[in-house]
Amino acid sequence: MWIDYLVWTLQNLLFPLVIPVVLLTGVILAVWVERRGAAFIQDRVGPNRVHIFGFRNAGLMQPIADALKLLVKEEFMPEKADRFLFFLAPALSMIPALLTFMVIPFGDVLVLGKYEIPLQVADLNVGVLFIFAIASLGVFGVVLGGWSPDNKYSILGGLRSSAQMISYEISMGLSIIGILIVFESVRLNDIVQMQGDLLFGFLPRWGIVVQPVGFLLFFIAALAETNRIPFDLPEAEAEIVAGYHLEYSSFKFSMFFMAEYVNMMVASGFIVSLFLGGWQIPWAPTEMLVEWKGPLVAAALQVGMFVFKLWFLMWVFVWIRWTLPRFRYDQLMSLGWRVMLPLALANIFVTSIVPFVLGVY
Amino acid sequence: MIKIKPVSPLEGKRYPLRERVYLIEILKGMGLTLKHLVRNLATYPTKNRTVVTIQYPEEKREYSPRFRGKHRLKKNPDGSMRCVACKLCVENCPSHCIFVEPDAYPDPSRGNYPKRYEIDITRCIFCGFCVEACPKDAIEMTEVSEMGDSVRAVFDRDFLLADGKEPAS
Amino acid sequence: MIQAIFFYVFAASAVVMALAVVSARNPIYSAMALIGCLLSVASIFALQSAHLMALLQVMVYAGAIMVLILFVLMLLNLSPQELGERRVTVRRVTGAYLIGAIVTLLMVRLTKHLWAPASALDPNFGTIEEVGMILYTKYLLPFEMVSLLLLAAIIGAVVLTRKEKGDGQ
């Protein structure tokens with residue numbers, strides 16, 4: 001049956017191909033949100049000049065122009081650079097960023113007649129771990145990008161980055177164990193499904209409601225892992241000029257640049273799935289939506305909800321960036337090891353004790 | 001003998017707990033940035049905007065009348081140059097960007113005039129010393145600040161003369 | 001069939017990467033090859049439906065430990081002179097001979113089981129639930145002993161790096 005092939009193609013070829021494209025297109029939007037948001041926060045106007053045939057669109061053309069500019073710029077390679085690793089590093093930071101989004105569900109399983117299309121590229125039974133595993137590989141791009149050009153500022157950026165990533169990965173991993181205990185699964189879609197329940201009959205059982213401390217810790221760790229302000233020490237322009245991407249230009253720089261924004265989107269999608277109910281529309285479970293307008297509308301609404309939540313978090317990232325200054329290095333380390341780690345451990349402890357005290361088991 | 005107790009730099013200056021937790025302070029800061037954002041978004045397309053940006057080529061900043069911009073050589077009411085090529089401006093120029101080549105008028109009673117008067121605008125620091133030094137009040141600085149050009153780096157006599165309004169006196 | 005193809009691809013890449021680890025001149029390249037080797041082995045784990053093992057391999061070894069190794073290598077930043085010359089010594093020849101012997105022996109022993117019929121796997125095989133169940137029932141004692149050992153190592157590291165009061169001043 002040709003429709004079988006169509007469904008198979010959709011799941012196994014279209015989703016894995018389309019999602020990176022969507023993410024990279026999202027980068028354009030993210031850059032626009034960042035620049036215009038920054039401008040409006042600082043009482044400025046932001047980019048508003050670039051246009052195509054007078055079509056300015058509030059500066060939305062600017063990121064496209066930037067991308068084109070980066071593509072045609074001169075490729076610069078420092079004389080003493082390690083050529084192979086210099087080429088490899090941007091790719092190594094880009095690939096994990098795109099891969100991690102593959103396990104994040106952006107809608108409930110779409111049931112069309114006898115076909116069930118999961119709105120997710122891969123429904124792994126170890127989805128949460130997959131994200132952690134692949135995301136932990138992203139640091140190599142930064143580290144090698146710092147080492148390979150043989151520049152002292154770059155190497156400082158690379159060193160800072162590796163130390164920072166390791167420190168915050170621990171708090172990050174520990175902070176979601178509470179969520180895993182509460183939802184009793186590591187499959188992302190299960191976790192999202194369970195967040196459709198209601199607590200006390202009215203409160204959505206979102207991760208942020210049952211695990212507020214876990215959410216806070218995870219959010220801070222996610223900021224650190226994506227090298228966002230206030231944790232952007234690897235690229236601190238004031239001290240180490242631009243850190244690991246100092247010697248990069250043209251397309252290779254834009255790879256690092258895009259990887260940062262894709263990482264932000266992955267982090268947002270992950271936080272949404274774990275703590276903000278994923279594609280769940282509060283008080284409107286899938287069955288209700290399907291009954292109301294049919295499965296396609298239901299799926300569209302859920303995907304829309306997921307996208308909305310994701311972009312809300314992206315906005316929070318931007319908002320924080322233009323509010324806070326950068327941490328000092330010792331503050332970063334002391335926050336990671338002396339505040340976040342004990343808090344994460346305490347959170348796990350309390351989360352495991354509470355069900356026994358309340359007599360849930 | 002007074003014994004001085006060593007004081008650690010932090011002692012007595014600890015921030016209150018509310019500020020040391022930092023999260024509340026972060027939220028306050030984010031509230032402030034949100035306030036600005038909302039205000040700017042609310043007035044976004046309208047004219048009474050709260051943004052401070054000057055949209056440069058269309059809008060221009062009002063300069064003070066004492067602004068030292070591009071130089072201008074003044075003329076006498078009869079149209080002749082005021083400059084007598086005394087080279088005091090050349091002597092006073094701290095960046096040595098003025099070059100004057102004097103020449104005599106055919107009529108000896110009229111004295112000298114500058115055959116060449118050139119200012120290397122790429123070296124000029126716009127200090128205004130040439131204006132101060134001029135005994136004939138022949139050079140002044142206008143409010144023109146846009147001197148960008150892809151060919152002309154040295155402003156010659158005729159360019160300096162031609163530009164701008166007729167002298168007031 | 002397609003699994004077999006992927007298996008051979010990853011197996012070959014694991015072997016090539018492992019050879020690159022020992023033969024690369026630059027320690028950073030060795031570390032990168034080791035990461036590649038670990039990833040290939042993780043892929044093989046995943047092909048054998050041991051997803052948890054695969055991801056733990058990537059997360060712990062490739063993601064965390066190799067970052068530390070790279071960190072140290074970058075701090076040392078050995079120059080080619082410091083690395084010494086490449087020469088053949090008795091020790092190296094003996095080592096190569098021994099490795100060859102072990103590999104041959106293993107090949108001979110393992111090929112006996114190569115064509116054994118594969119038994120059907122439990123669908124739960126390799127899931128977190130299954131691995132956790134085994135770890136916390138059948139192998140509880142060894143598991144806890146290992147965790148004690150790790151705890152001792154952590155405490156040891158803290159004690160070693162802790163500064164005594166007044167130390168280093």
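**Close-up views of chains A, B and C**

**View 1. Chain B combines 5 helices and 5 strands.** The model is predicted. From the start of chain B to its end, the elements run α-α-β-α-β-β-α-β-β-α. Chain B has 169 residues, and 14% of them count as buried. Long-range contacts feature in the fold of chain B: among contacts between residues at least 6 apart in sequence, 66% join residues at least 24 apart.

**View 2. An open sheet of 3 strands in chain B.** The strand order is β2-β3-β5, and the pairing is antiparallel. Strands β2 (98–104) and β5 (154–155) of chain B stand at the edges. Each has a single partner strand, so one side of each is left without a neighbour in the sheet. Strands of a sheet pair through backbone hydrogen bonds, either parallel or antiparallel.

**View 3. The pairing of β2(B) with β3(B).** Strand β3 of chain B covers residues 112–120. It joins β2(B) in the antiparallel sense over 7 bridges. One bridge can be picked out by residue: B:Asp103 has B:Tyr113, in β3(B), as its bridge partner.

**View 4. Chain C against chain A.** Here 17 residues of chain C are in contact with 23 residues of chain A. On the chain C side, α2 (27–47) and α3 (51–76) each supply at least two residues. The largest share, 13 residues, comes from α3(C). What is the make-up of the side of chain C that touches chain A, in nonpolar, polar and charged residues? It has 14 nonpolar residues, 3 polar ones and no charged ones.

Conventions. Residues are numbered from 1 along each chain as its sequence is written. Chains are lettered from A and ligands numbered from 1 in the order in which they are written. This is a predicted model: local features need pLDDT of at least 70, side-chain atom pairs count only at pLDDT 80 or more; totals for chains, interfaces and linings use all residues. Two residues are in contact if their C-beta atoms, placed from the backbone, lie within 7 Å. Helices (H or I, at least four residues) and strands (E, at least two) are DSSP runs, numbered from the N terminus. Ala, Val, Leu, Ile, Met, Phe, Trp, Tyr, Cys and Pro count as nonpolar, Asp, Glu, Lys and Arg as charged, and the others, Gly among them, as polar. A residue is buried if 20 or more other C-beta atoms lie within 10 Å of its own, exposed if 12 or fewer, and partly exposed in between; C-beta atoms are placed from the backbone. Two strands pair if DSSP finds at least two bridges between them.
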